[in-house]
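Visitor: I'd like to learn how to read the packing in a model like this one. Could you walk me through it, feature by feature?

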Amino acid sequence: MSLTQLDLAALLASRICHDLISPVAAFSTGLEVLEEETDEDMRRHAFDLLSTSSKQSTARLEYLRLAFGAAGGLGSELDFDEARRLAEGYFPHLKPDLVWSAAPGHVTKAACKIALNLCLIGAESIPRGGEVCVQGDGRVFIVVKASGPRAKLIDATKAALDGKDDALDAKSVQPYLVGLLVREAQARLSYHETDENVTIRVDFASS
């Protein structure tokens, strides 16, 4: 299909809703328990659920606000450590562990967005768990390596990363966004797979 800006916005909105529905629904469940239960153990469990859901929702909102949105305005630079902070807040709610070894320093917002989105792709490539490692400095290159059992980039993700939009949905629109960001930054994206690893690398054009 010929993807319009409205199509892209709608698919990204659907992806955000998909990522937020679980913690928000859990929050609603906790409130219902508090309204109906008088048992103290159940009420303590409900408070724990509310606390966990609130933290998870906040972490996801902050992460997605930068990964998909215009957090901080357009065109500004950010410290790469801000992307690390957001990723370290988001990953405790995912199966893989995060190892952020990237160097700190001010980078373009596009580099931060690319790194956060590559982390999501890395996590999704190892659904049984494992480790997502982020390396680079955000100025010359970024490498995200996902290591785990049966690590794999699905075909729809590869097609979206390569800029193909004929079969996009709310899931594959996220790697498609990565491709857009990489091309807009005049960078180069490559990926490599083995049985246990998926490696995605972005090299930025030298100034």
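Visitor: Let's start with a helix pair. Which residues of helix 2 and helix 4 meet?
Guide: To read a helix contact, list who touches whom on each side. This is a predicted model, and here Tyr63, Leu66, Ala67 and Phe68 from helix 2 meet Lys109, Cys112, Lys113, Leu116, Asn117, Cys119 and Leu120 from helix 4. Sorted by character, the residues of that contact come out as eight nonpolar, one polar and two charged.

Visitor: And the geometry? At what angle do the axes of helix 2 and helix 4 cross?
Guide: Look at the distance and the angle together. Helix 2 spans residues 40-68, and its axis comes within 8 Å of the axis of helix 4, with a crossing of roughly 120°. That angle makes helix 2 oblique to helix 4. As for handedness, the crossing of these two is left-handed.

Visitor: Helix 2 also crosses helix 3, I see. How do I read that one?
Guide: Same recipe. The axes of helix 2 and helix 3 come within 9 Å and cross at roughly 140°, so helix 2 is oblique to helix 3. The crossing is left-handed. On the helix 2 side the contact is made by Ala59, Arg60, Glu62, Tyr63 and Leu66, and on the helix 3 side by Arg85, Leu86, Ala87, Gly89 and Tyr90. The tally for this contact is six nonpolar, one polar and three charged.

Visitor: That leaves helix 3 against helix 4. Are they roughly parallel or oblique?
Guide: Start from the angle again. Helix 3 (residues 80-90) and helix 4 (residues 109-124) have axes that come within 9 Å and cross at roughly 25°. That makes helix 3 roughly parallel to helix 4, because angles under 35 degrees count that way. Helix 3 passes helix 4 in a right-handed crossing.

Visitor: What sort of residues make up the contact of helix 3 with helix 4?
Guide: Names before character, as before. Phe80, Ala83, Leu86, Ala87 and Tyr90 of helix 3 meet Ala111, Cys112, Ala115, Leu116 and Leu120 of helix 4. The count is ten nonpolar, no polar and no charged.

Visitor: On to the strands. In what order do the five strands of the sheet run?
Guide: With a sheet, get the strand order, then look at the edges. Here the order is 2-4-5-7-6, in an open sheet with mixed pairing. Strand 2 and strand 6 (188-193) stand at the edges with a single partner strand each, so one side of each has no neighbour in the sheet. From one strand to the next, the twist averages 15°.

Visitor: Which sense does each pairing have, starting with strand 2 and strand 4?
Guide: Take the pairs across the sheet and note the sense and the bridges. Strand 2 (residues 97-100) and strand 4 (residues 131-136) are parallel over four bridges. Asp97 has Glu131 of strand 4 as its bridge partner, and Trp100 stands opposite Val134 of strand 4.
Strand 4 then pairs with strand 5 (residues 141-147) in the antiparallel sense, over six bridges, with Gly136 opposite Ile142 of strand 5.
Strand 5 and strand 7 are antiparallel too, over seven bridges, and there Ile142 stands opposite Val202 of strand 7.
Finally, strand 6 and strand 7 run antiparallel, joined by six bridges. Leu189 has Val202 in strand 7 as its bridge partner.

Visitor: Where are the hairpins?
Guide: Look at what lies between two paired strands. Strand 4 and strand 5 form a hairpin with four residues between them, and Gly138 in the turn has a positive phi of about 75°. Strand 6 and strand 7 form a hairpin with three residues in between.

Visitor: How does helix 4 lie relative to the strands?
Guide: See which strands a helix covers, then take its angle to one of them. Helix 4 lies across strand 2, strand 4, strand 5 and strand 7 (197-203), and runs at about 15° to strand 5.

Visitor: Last one: how many aromatic pairs does the structure hold?
Guide: Two. For any pair, check the ring centres and the planes. One of them is Phe80 with Trp100, which is edge-to-face, at 5.4 Å centre to centre with 65° between the planes. Since Phe80 lies in helix 3 and Trp100 in strand 2, the pair ties together parts that are 20 residues apart in sequence.

Definitions and conventions:
Residues are numbered from 1 along each chain as its sequence is written. This is a predicted model: local features need pLDDT of at least 70, side-chain atom pairs count only at pLDDT 80 or more; totals for chains, interfaces and linings use all residues. Side-chain values use heavy atoms; hydrogens and water are left out. Axes are lines fitted to C-alpha atoms, for helices over the stretch in contact, and angles run from 0 to 180 degrees between N-to-C directions. Angles under 35 degrees count as roughly parallel, over 145 as roughly antiparallel, 65 to 115 as roughly perpendicular and the rest as oblique. A crossing is left-handed if the near helix is turned anticlockwise from the far one by less than a right angle, and right-handed if clockwise. Contact means heavy atoms within 4.5 Å. Ala, Val, Leu, Ile, Met, Phe, Trp, Tyr, Cys and Pro count as nonpolar, Asp, Glu, Lys and Arg as charged, and the others, Gly among them, as polar. Two strands pair if DSSP finds at least two bridges between them. Rings of Phe, Tyr and Trp (its six-membered ring) pair if their centres lie within 6.5 Å; planes under 30 degrees apart count as stacked, over 60 as edge-to-face and the rest as tilted.
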